[in-house]
Amino acid sequence: MVYVCRREHFNAAHRLYNPAWSKEKNEEVFGICSNEYYHGHNFELIVTVKGTPQADTGCVIDLKKLSKLIREEIIEKLDHRNINLEVDFMQGKIPSCEVLIIEIWNILAPKISGVAYDKQAQLHCIQLFETKNNFVEYYG
């Protein structure tokens, strides 16, 4: 099994806020991340696909097609956006990195075999860096 990774970047704003709670409760739980005027990050997204290199290409997946898929399905929807207000797949959800990475997985996972040389290739892992020190990983 070979693990192929693609790194992409996007900038976005969000606010961690539970509308069922008071302002005070949100500030207690989320601190400054509950700022009513939002805050932003320079996110880094790493998508890892696992599969077997194919005899005719020597590759698991076409990285240009993987990049295009990630950009069209994820980056274009998130980059320079307010995740709370403008991102369709995050509506009604608290836009924590944990929730965001699950939603990204749900979008990408069923589409990987369509851009892979190995038609058995699968999404293996996604990493989402909110800062250089804070990131989440998801394996489906």
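Lys68 counts as partly exposed, with a relative accessibility of 44%. This comes from a predicted model, so treat each value here as computed from that model. Lys68 has a partner: Glu72 forms a salt bridge with it, and their closest N and O atoms are 3.4 Å apart. Both residues sit in helix H2, four residues apart, or about one turn of the helix. Glu72 is partly exposed too, at 37% relative accessibility.

That pair is one example of a wider set, as the whole structure has six salt bridges. Here are three of them, side by side.

| Pair | Closest N to O distance |
|---|---|
| Glu72 and Lys68 | 3.4 Å |
| Arg6 and Glu8 | 2.8 Å |
| Glu103 and Lys93 | 4.0 Å |

What does the bridge between Glu103 and Lys93 tie together? Glu103 belongs to helix H4, while Lys93 is in the loop between helix H3 (83-86) and H4, so this bridge links parts that are 10 residues apart in sequence. Glu103 counts as buried because its relative accessibility is 17%, under the 20% cut-off. Lys93, at 34%, is partly exposed. The Arg6 and Glu8 pair is also mixed: Arg6 is partly exposed at 30% relative accessibility, but Glu8 is buried, with a relative accessible area of 9%.

Now for the inside. In soluble globular proteins, nonpolar side chains tend to be buried together. In this model, the largest nonpolar core has 34 residues, and those with the most contacts inside it include Phe10, Leu45, Ile61 and Leu128. Strands E1 (2-14), E2 (39-51) and E4 (122-129) each supply at least two residues of this core, and so do helices H2 (63-78) and H4 (97-108). The largest share, seven residues, comes from H4.

Leu45 gives a good look at this core. Leaving out residues up to four places away in sequence, its contacts include Phe10, Ile70, Ile74, Ile104 and Leu128. Leu45 also touches Arg6 and Glu8, the two partners of the 2.8 Å salt bridge.

Finally, step back to the whole chain. It has four helices and five strands, running β-α-β-α-β-α-α-β-β from the N terminus on. The C-alpha trace spans about 60 × 25 × 25 Å along its principal axes. Of the 140 residues, 43% are buried. Among contacts with a separation of 6 or more, 68% are between residues 24 or more positions apart. The accessible surface comes to about 8000 Å², with 49% of it belonging to carbon and sulfur atoms. As for charge, the chain has 16 positive and 19 negative charges, and their mean positions are 5 Å apart.

How values were computed: Residues are numbered from 1 along each chain as its sequence is written. This is a predicted model: local features need pLDDT of at least 70, side-chain atom pairs count only at pLDDT 80 or more; totals for chains, interfaces and linings use all residues. Side-chain values use heavy atoms; hydrogens and water are left out. A nonpolar core is a set of buried Ala, Val, Leu, Ile, Met, Phe, Trp, Tyr and Cys residues joined through side-chain atoms within 4.5 Å. Buried means under 20% relative accessible area, exposed over 50%, partly exposed in between (1.4 Å probe, protein chains only). Contact means heavy atoms within 4.5 Å. Accessible areas come from the Shrake-Rupley method with a 1.4 Å probe; for residues, only the protein chains shown count as cover. Lys and Arg count as positive and Asp and Glu as negative; His and the chain ends are not counted. The place of a charge is taken as NZ of Lys, CZ of Arg, CG of Asp or CD of Glu. A salt bridge is a side-chain nitrogen of Lys or Arg within 4 Å of a carboxyl oxygen of Asp or Glu.
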